[in-house]
Amino acid sequence: MAQFSSTWAQKYRGATVEDLDPPPALSTKPTELISYALMNAYERDYSHLTVVSEDTRALLGYLNIPRLKQMLKEGAVSETDHVEKAMQKFQRSGKVYKVITMDTPLEELESFFTGGTSGSSGPQEFAVVTDGNRRFVLGVATKGDLEQFVKRRPA
């Protein structure tokens, strides 16, 4: 395992993503209305929703709620449009994705957020937490979750 030099790394003390207790992922489908997806995100106070295929439940992309609100404000999309018009798609070809599981050490998660993990395309705002085989989406972890963990953990 790589050595991480974060000032927070000492505070993790062996903690993993599971210790963040990430909420279950809330998924939406590309054909659902933006208004429905937005309502679900607001009800649960989520900043990101995963978008999955209606047929296979494969992970297609995500909705970044702050970005979606900006798109609505600018008129780029409307609440009656389908999610597929506003979603950010995962680019599958030629990309290596870092698998984040419940067993991933928090040092690795922080490195992923800062863009230091191989396969990453720069700093990331959130991580989709999956099983080791990437078949099931178990949750979403954000930079804010990691920051809150550090704040509430005794020194």
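In this predicted model, helix α3, which spans residues 34-44, has I34, A37, L38, N40 and A41 as buried residues. These residues lie on the same side of α3, because they cover an arc of only 160° around the axis. The spacing fits a general property of such helices: an α-helix has 3.6 residues a turn, so residues three or four places apart point the same way. The cover over the buried residues of α3 includes the strands β1 (27-28), β2 (48-52) and β3 (59-64), together with helix α4 (65-74). After α3 comes D45, which has a positive phi, near 55°.

From this helix one can move to the nonpolar cores. The largest of them has 16 residues, among which L49, L63, I65, L68, V77, V83 and A86 touch the most other members. At least two residues of this core come from each of α3, β2 and α4, and α3 provides the largest share, with 4 residues. Leaving aside neighbours within four places in sequence, V77 is in contact with I34, L68, M71, L72, K85 and A86. There is also a second, separate core of 15 residues, including Y12, L20, F112 and A141.

Seen as a whole, the protein contains 6 helices and 6 strands, arranged along the sequence in the pattern α-α-β-α-β-β-α-β-α-β-β-α. Of its 155 residues, 41% are buried, and among contacts between residues at least 6 apart in sequence, 60% join residues that are at least 24 apart. The exposed area of the protein is about 9,100 Å², of which carbon and sulfur atoms supply 48%.

Definitions and conventions. Residues numbered from 1 in each chain as written. Predicted model: local features only at pLDDT ≥ 70, side-chain atom pairs only at ≥ 80, totals over all residues. Heavy atoms only, no water. Buried < 20%, exposed > 50% of the residue type's maximum accessible area, 1.4 Å probe, protein only. Arc of directions from axis to C-beta. Contact = heavy atoms within 4.5 Å. Core = buried A, V, L, I, M, F, W, Y, C linked by side-chain atoms within 4.5 Å. Areas by Shrake-Rupley, 256 points an atom, 1.4 Å probe, with all protein chains shown as cover.
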